[in-house]
Structures are given as C-alpha cells and as structure tokens.
Amino acid sequence: MSSPAELREGYEHFDPRAYLRNNYLPPRADFSSEEFVVPWKLRCLAETFASGEIRGRTLIDVGSGPTIYQLLSACDHFEEIVATDYLAVNREELGRWARGEPGAFDWSPFIQHVCKIEGRGEPWQDKERRLRERLRRILPIDVHRPEPLGAPLRPPADALLSAFCLEAVSPDRAAFVRALAHVGNLLRPGGHALLLGALGESFYLAGPARLPVVPLEESDVREALAAAGFALRELRSYAMPAALRTGVDDVDGVFFAHAQKPLEA
C-alpha cells in the first residue's frame, strides 16, 4: 500500500465531478427501490437521527468530499454543521452548492428522497434551505495529524460523521485506526460518531486518479473502533449487487457504524 505522502500525491489528480458522476448519478443513485445503495445509505442515517439521541450544537463531517447527502438528516438536529476536506477542489465544490451557485451539483433528488423517508411532509426546499443555513464552515483537514484541523475544535463537536473517507486516505489498517483516534479528538466525551465506508474495496476512480483504499471487513471495523477508543452501538452492512459493480471501483459492500466516545472517568 502507498505511504501517506504517495496518497496525497494521488489525490492531486482527484476530479470531484468525475467522482460525483461515478457514485451519485444512476445507476448507483437510483431511488426507485430501497435495494439500491444510495437509498440504503440515506435510510441508515435517517433512522439513526430519528431516534433523537444524536443532537446538539455542532456536528463535524470529516472528509466531506464534494458531497452533502450525508448531512441531510443531520441538519435537523444541530445548530451548526462543519464540513471538512483535505482537498481544496472538494471544499470549492461544497462552497458552490452551499452558496446556491449555478452549475453546482444537483442534490435535489437526494433531498426529496430523504424528506420522503423521514415522512414529515416537509417541502424539500425547506430542508435544502436549512442545510445551507447550518453549513457555516468548510475547513481543511488532515486526519493523519493528531489535531486534524491544526488546533482543537472549540467547543468540541457533539457528533461526528464521516463517509467514505478514512479507509480511502489510510495506507493500511494501522493508519486507519490512528485516523479514527485523531478525528475522535474533535468529539466531546459521550459524543456520537457515525461512519459510512467501503467493505472489500482496494481502489476507486475519480477522473484520472486511481486511488488506493484499505480493504476492510466488518471485523476490521469493529476492531478499529475499539482500538480507537469508541464503543460500538450498531453496525449494518450492504452487499453491492452485480448491477452496481460498474468498474469505477472494486467495492464488495458498504458499512454503517454508530459508535460513541466514552464519558471521561
């Protein structure tokens, strides 16, 4: 596997629009059935936030990439959402959407689907507006540093969310565990962490970039969370059907984990 320096060099060729086309347009972004991967991810998040347990002042999204779908259910439960990414091109893509600029990626099908599964009869435009209002900061981050933002988050986040980031920027499982521990430093004691990630994936494509990924199994996720000091609350998995194996990666499935940072003694 590559070193962190080689991984950083590979990400210099990352194309946000190619990544979005590969993963967030059909066939993967098909809302006609819950059997498709994007509706599965959205339902995991919607059901977890619907419990009302995960709420507070600040949620930090670690390694947002160029996507906002992972924040749609979260935005109802936090006063502020902090998005982060290592790459300036991804932060710029997020900023374009947050400002409502022409040409930004169209997330409206995702927002409409989340409103449907949440079942409150809310106009999707209201949720879009609320997320834009609460997405107040888009910051650079490096999960390989003990202080990923360069300084402690003040106050610490009440919850942490990370989707398809840590396994894609770590050269091996040990680095994945360290990255989990580093981002845990951004979270208050007792705070919740929600992770979406790839199972059995060794690479993915984003335009000219062919990026390595640490292949994980469910057992690796359990062990990594424990080693990073988190208590696992729930772990779900999804097997990628043959129709969605499009050649843009070699992913076997997706995991969703809900973990909690223990209260300090």
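1. A good place to start is Ala 46, which lies in helix 3. Keep in mind throughout that this is a predicted model. Ala 46 has a relative accessibility of 10%, and since buried means under 20%, Ala 46 counts as buried. Leaving out residues up to four places away in sequence, Ala 46 touches Ser 73, Ile 117 and Glu 118. There is also a long-range pairing to look at: Ala 46 and Cys 115 are 69 residues apart along the chain, yet their C-alpha atoms are separated by 9.4 Å.

2. That leads nicely to helix 5, which covers residues 108-118. Its buried residues are Ser 108, Phe 110, Ile 111, His 113, Val 114, Cys 115 and Glu 118. They pack against helix 2 (16-24), helix 3 (37-50), helix 4 (88-98) and helix 6 (124-134). Just after helix 5 comes Gly 119, with a positive phi of about 70 degrees.

3. Helix 4 makes a useful companion. Asn 90, Glu 93, Leu 94, Gly 95 and Trp 97 are buried in this helix. The cover over these residues includes helix 2, strand 2 (78-85), helix 5, helix 6 and strand 3 (135-140). Here too a glycine follows the helix: Gly 100 has a positive phi, near 70 degrees.

4. Which residues have the most contacts inside the largest nonpolar core? They are Tyr 69, Trp 107 and Phe 110, in a core of 86 residues. If you would like one residue to click on, try Tyr 69. Setting aside neighbours within four places in sequence, Tyr 69 is in contact with Trp 107 and Phe 110, and also with Tyr 24, Lys 41, Leu 42, Ala 163, Phe 164 and Leu 196.

5. Phe 164, one of those partners of Tyr 69, deserves a check of its own backbone. Most residues other than glycine have a negative phi, and most peptide bonds are trans. Phe 164 is not a glycine, but its phi is positive, at about 60 degrees. Phe 164 is found in the loop between strand 4 and helix 7 (173-184). Its relative accessibility is 19%, so Phe 164 counts as buried, the cut-off being under 20%.

6. Please look at two peptide bonds as well. The bond from Pro 26 to Pro 27 is cis, with omega near 10 degrees, and Pro 27 has its place in the loop between helix 2 and helix 3. Another cis peptide bond joins Arg 154 and Pro 155, with omega about -10 degrees. Pro 155 lies in the loop between strand 3 and strand 4 (157-163).

7. Now for the chain as a whole. The protein chain has eight helices and nine strands. A compact globule of 265 residues would have a radius of gyration near 18 Å, and the 17 Å of this chain agrees with that. The C-alpha trace spans about 45 × 45 × 30 Å along its principal axes. Among contacts between residues at least 6 apart in sequence, 74% join residues at least 24 apart.

8. Finally, burial, surface and charge. Of the 265 residues, 53% count as buried. The accessible surface comes to about 11100 Å², and carbon and sulfur atoms account for 50% of it. The chain carries 31 positive and 38 negative side chains, and the centres of these two sets lie 4 Å apart.

Conventions:
Residues numbered from 1 in each chain as written. Predicted model: local features only at pLDDT ≥ 70, side-chain atom pairs only at ≥ 80, totals over all residues. Heavy atoms only, no water. Buried < 20%, exposed > 50% of the residue type's maximum accessible area, 1.4 Å probe, protein only. Helix = DSSP H or I, 4+ residues; strand = E, 2+ residues; numbered from the N terminus. Contact = heavy atoms within 4.5 Å. Rg over C-alpha atoms; globule rule 2.2 N^0.38 Å. Areas by Shrake-Rupley, 256 points an atom, 1.4 Å probe, with all protein chains shown as cover. Lys, Arg positive; Asp, Glu negative; His and termini not counted. Charge placed at Lys NZ, Arg CZ, Asp CG, Glu CD. Core = buried A, V, L, I, M, F, W, Y, C linked by side-chain atoms within 4.5 Å.
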